[in-house]
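The exercises below deal with charged side chains and their partners. Each begins with a task and continues with a solution that goes step by step.

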Amino acid sequence: MSESPVLLNKHEVERLLTYDDLIPRLESVMGKFSKRDSSEIIQPVRSVVPIQQHSGFLGVMPAYLANEGILCTKIVTFYQRAEGSSLPSTQATVLLFHPEHGHVTAIMDGEAITAKRTAAVSAISAKLFKPALSEVLCILGSGQQARSHYDVFTKLFKFKEVRVWSRRKEMAQRFVNDLQDPVTVCSSVKEAVIGADVIVTATGASQPILFGEWVKPGAHIAAVGACRPDWRELDDVLMREAVVYVDSREGATAESGDIILSGAEVFAELGEVLNGSFPARREKTTVFKSLGMGIQDAVSAKLVLEKWNSEH
Ligand SMILES: NC(=O)C1=CN([C@@H]2O[C@H](COP(=O)(O)OP(=O)(O)OC[C@H]3O[C@@H](n4cnc5c(N)ncnc54)[C@H](O)[C@@H]3O)[C@@H](O)[C@H]2O)C=CC1
Ligand SMILES: O=C([O-])C1=[NH+]CCC1
């Protein structure tokens, strides 16, 4: 009989998963993924079931990392929620399996993993692509991803000014009230992004909210929302003028409305830049279009379990 799986709640996962540990693991796995060696990594594009009556989606995100002995799947739901809803729009559970015997070794909260690994990957994109002199950070959205992006971007980089915009100004104000350091609340997207060097879009928008005409040439945009083929956060001008990087070419081609509907060309995967097979075109306006990958959840969950095991 196999042992019962370890069960870890959101509080535990949040405590055990640190950006310092996570970032090097994500860089390593994304680099390996971009080599497309199926004897090392298998990660299909996420399967998504629409839940039309409730404006939601169920996604299943499996991954197998043979050399690291990680067999994992995340099950995630994401919903378009009314502003001010007390329910989280992204909820998830991550399962780790014993790769040899097939039993479940751990079941853990996936909300904290999703928030931290997505922000950490965006931070990796910013390390590679943001302008050398980056003084102004702008965050569009004030939800879970906005907060994790704020945390890691201000931990890793020094900005003179941080701005936030949200659909309802009081939500942006609430976001700011939870923080120690000063952040400017903006009344419009335009006001928030003019002159910004780094822009994070982390909204549930399905139509463009960020327009290329407002974006400072050379800025870096980490675009985290719009993860359906008919959803947008960025307009055609921005998508066509920027150098576009993605987490996975297959994921972007299947799921990113910003890429599919604008007809923008994907320049490279983040992993291809980390591998040195494509350049980081820092001098240009750059977009990193993030959709989220099972391998990112898999290395995060393994890290959480290792930390937990070291304490028990
Ligand atoms: N790329 C990735 O790996 C991941 C992407 N996501 C996506 O990131 C986005 C944010 O996710 P969470 O922070 O978990 O959600 P959340 O519900 O915590 O925050 C969503 C934010 O978007 C705003 N928003 C919603 N609809 C909007 C609209 N039509 N126009 C402008 N703003 C709008 C809300 O006011 C809120 O500030 C979602 O689109 C989600 O699907 C989530 C997890 C991972
Ligand atoms: O990677 C992920 O978990 C998600 N991406 C979009 C919604 C959830």
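A salt bridge is here a side-chain nitrogen of Lys or Arg within 4 Å of a carboxyl oxygen of Asp or Glu. The model is predicted, and a search of the whole structure finds 25 such salt bridges.

**Exercise 1.** Determine how Glu269 and Arg36 are paired, and state where each residue lies.

Solution. Begin with the distance: the closest N and O atoms of Glu269 and Arg36 are 2.4 Å apart, and the two residues form a salt bridge. Next, locate the partners: Glu269 belongs to strand β14 (residues 266-269), whereas Arg36 sits in the loop between α2 (19-33) and β2 (41-42), so that the pair links distant parts of the chain, 233 residues apart. Finally, consider accessibility: Glu269 is buried, with a relative accessible area of 0%, while Arg36, at 37%, counts as partly exposed.

**Exercise 2.** Work out which parts of the chain are tied together by Asp297 and Lys74.

Solution. First, Asp297 and Lys74 form a salt bridge in which the closest N and O atoms are 3.1 Å apart. Because Asp297 lies in helix α11 (residues 294-311) and Lys74 in strand β5 (residues 70-79), the pair ties together parts that are 223 residues apart in sequence. As a last step, check the burial of the partners: both Asp297 and Lys74 are buried. Salt bridges can also share partners, and in this way Arg232, Asp236, Arg240 and Asp258 are joined into one network.

**Exercise 3.** Describe the spacing of Arg15 and Glu12 along their helix, and compare the accessibility classes of these two residues.

Solution. The side chains of Arg15 and Glu12 meet in a salt bridge, with an N to O distance of 3.1 Å. Because the two residues are three apart in helix α1 (residues 10-16), about one helical turn separates them. Arg15 is partly exposed at 40% relative accessibility; Glu12, with a relative accessible area of 19%, is buried, since the cut-off for buried is under 20%.

**Exercise 4.** Which side chain of opposite charge is nearest to Lys130, and how far away is it?

Solution. Start with the place of Lys130, which is in the loop between α3 (111-129) and β8 (136-140). The nearest side chain of opposite charge is that of Asp197, 9.2 Å away, and Lys130, although buried, has no salt bridge. To complete the picture of its surroundings, list the contacts: leaving aside residues up to four places away in sequence, Lys130 touches Ser125, Phe157, Val198, His220 and Arg282.

Methods. Residues numbered from 1 in each chain as written. Chains lettered and ligands numbered in written order. Predicted model: local features only at pLDDT ≥ 70, side-chain atom pairs only at ≥ 80, totals over all residues. Heavy atoms only, no water. Helix = DSSP H or I, 4+ residues; strand = E, 2+ residues; numbered from the N terminus. Buried < 20%, exposed > 50% of the residue type's maximum accessible area, 1.4 Å probe, protein only. Lys, Arg positive; Asp, Glu negative; His and termini not counted. Contact = heavy atoms within 4.5 Å.
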